[in-house]
Amino acid sequence: MRFEGQVAISTGAASGMGLLFAQCFAAEGGSVLMCDVNDTVLQEKVDEINAKGVGKALGIHCDVRDYTQVVAARDAAVNAFGRIDVMANFAGGTAVRMLKADTKGKDFCDVPIDVYEWGLDVNLKGPFYFAHAVLSQMREQKSGLIINIGSISGIEGDRIGVDYPTAKSALMNGFTKSVAQAGARYGVRCVCISPGPVLTRAAMANMRTMLNRAADPQEIIDLVLFVASDKGQFINGTNLLIDGGRDAMQRLKYEK
């Protein structure tokens, strides 16, 4: 019951790691506002959490690209639960995959710009909007944690899915450090957690790591929960890479 009496907001919470975080946070006694655009699935997952009778869950439709909806989500969390202790920015994805853009035989400059705009809005502006919105509540409480989710792609780049590493690199460096600086005087932390390949999609199993496997999603969420717990309170303003050694592996070729 590490999170009894605490409140979290999770984006992208109808599926994937956003959902897993919400489930785990509630299972340890916390209350969670779950945000997604898939209302039907979201409500099903909210009901499943509440049926277990440990923590509490509330779902709200929220397109992270819309600041008005982001503010409404913040207010819903405060109105329902009285505070916000953890803001977990899980919503995201590579735009060319999420929007099923035709990229066969194409270069970066051939992909319609509105595809990339969607990716930048979801992956970068979404976390930016939520950090901006929740910091006023956390400032009043004089406590809180904003979790950003980066990616090994923010280090490696992507020839076609350019929006994704661009956004993730910004989260992993300047944005996380800046928000940590903005929140420091109020006891508000900001940390970025950046996975390598994770088995949220089968294709991730094809990405190499030094451990010869992709991560189970629970391994990533366990790190998120540690940072949010009493034992992780000294972690702030930094990026934590959890990639099975994939980044280090890239350097092996230079040693031969």
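Is Glu 156 buried, partly exposed or exposed? Glu 156 is partly exposed, with a relative accessible area of 33%. The close-ups below start from this residue and then move on to other parts of the model, which is a predicted one.

**View 1. Glu 156 and Arg 246 form a salt bridge.** Here the side chains of the two residues come together with an N to O distance of 2.7 Å. The partners sit far apart along the chain: Glu 156 belongs to helix 6 (residues 153–156) and Arg 246 to helix 9 (residues 246–249), with their positions 90 residues apart. Their surroundings can be compared as well: Glu 156 is partly exposed at 33% relative accessible area, whereas Arg 246 is buried at 14%. For context as you browse, the count of salt bridges in the model comes to eight.

**View 2. Arg 74 and Asp 75 meet in a salt bridge.** The N to O distance in this pair is 2.9 Å. Arg 74 has a relative accessible area of 16%, and that makes it buried. Asp 75, with 32%, is partly exposed. Keep Arg 74 in mind, since it returns in Views 4 and 5.

**View 3. Arg 213 pairs with Glu 219 in a salt bridge.** The closest N and O atoms of the two side chains are 2.9 Å apart. Arg 213 is partly exposed, at 42% relative accessible area. Glu 219 is partly exposed too, at 32%.

**View 4. Helix 3 packs against helix 5.** Helix 3 (residues 67–81) and helix 5 have axes 9 Å apart, and they meet at an angle of about 35°. The crossing is right-handed. From helix 3, the residues in contact are Tyr 67, Val 70, Val 71, Ala 73, Arg 74 and Val 78. Helix 5 answers with Tyr 129, Phe 130, His 132, Ala 133, Val 134, Ser 136 and Gln 137. Sorted by class, this contact holds nine nonpolar, three polar and one charged residues.

**View 5. Gln 137 is a buried residue of helix 5.** Its relative accessibility is 11%, so Gln 137 counts as buried. With neighbours within four places in sequence set aside, Gln 137 is in contact with Val 78, Gly 82, Arg 83 and Ile 84. Try checking the C-alpha atoms of Gln 137 and Arg 74: they are 8.5 Å apart in space, while the residues are 63 apart in sequence.

**View 6. Glu 140 is an exposed residue of helix 5.** How much of Glu 140 is accessible? The relative accessible area is 63%, and therefore Glu 140 counts as exposed. Between Glu 140 and Tyr 186 the C-alpha to C-alpha distance is 8.0 Å, across 46 residues of sequence.

**View 7. Helix 5 and helix 7 run roughly parallel to each other.** Helix 5 (residues 113–141) and helix 7 (residues 163–183) pack at about 10°, and their axes are 10 Å apart. The two helices are therefore roughly parallel, and their crossing is right-handed. Helix 5 contributes Tyr 116, Gly 119, Leu 120, Asn 123, Leu 124, Pro 127, Phe 128, Ala 131 and Leu 135. Among the residues they meet in helix 7 are Asp 163, Tyr 164, Lys 168, Leu 171, Phe 175 and Val 179. By class, the contact has 14 nonpolar, four polar and two charged residues.

**View 8. Helix 1 and helix 8 cross at roughly 55°.** The axes of helix 1 (residues 16–27) and helix 8 (residues 217–228) come within 10 Å of each other. With that crossing angle, helix 1 is oblique to helix 8. The crossing is right-handed. Met 17, Leu 20, Phe 21 and Cys 24 make the contact on the side of helix 1, and Pro 217, Gln 218, Ile 220, Ile 221, Val 224 and Leu 225 make it on the side of helix 8. What classes do these residues fall into? The contact divides into nine nonpolar, one polar and no charged residues.

**View 9. Ser 229 is buried in a loop.** This residue lies in the loop between helix 8 and strand 7 (239–242). At 5% relative accessibility, Ser 229 counts as buried. Leaving out residues up to four places away in sequence, Ser 229 touches Arg 2 and Phe 3.

Terms used: Residues are numbered from 1 along each chain as its sequence is written. This is a predicted model: local features need pLDDT of at least 70, side-chain atom pairs count only at pLDDT 80 or more; totals for chains, interfaces and linings use all residues. Side-chain values use heavy atoms; hydrogens and water are left out. Axes are lines fitted to C-alpha atoms, for helices over the stretch in contact, and angles run from 0 to 180 degrees between N-to-C directions. Helices (H or I, at least four residues) and strands (E, at least two) are DSSP runs, numbered from the N terminus. Angles under 35 degrees count as roughly parallel, over 145 as roughly antiparallel, 65 to 115 as roughly perpendicular and the rest as oblique. A crossing is left-handed if the near helix is turned anticlockwise from the far one by less than a right angle, and right-handed if clockwise. Contact means heavy atoms within 4.5 Å. Ala, Val, Leu, Ile, Met, Phe, Trp, Tyr, Cys and Pro count as nonpolar, Asp, Glu, Lys and Arg as charged, and the others, Gly among them, as polar. A salt bridge is a side-chain nitrogen of Lys or Arg within 4 Å of a carboxyl oxygen of Asp or Glu. Buried means under 20% relative accessible area, exposed over 50%, partly exposed in between (1.4 Å probe, protein chains only).
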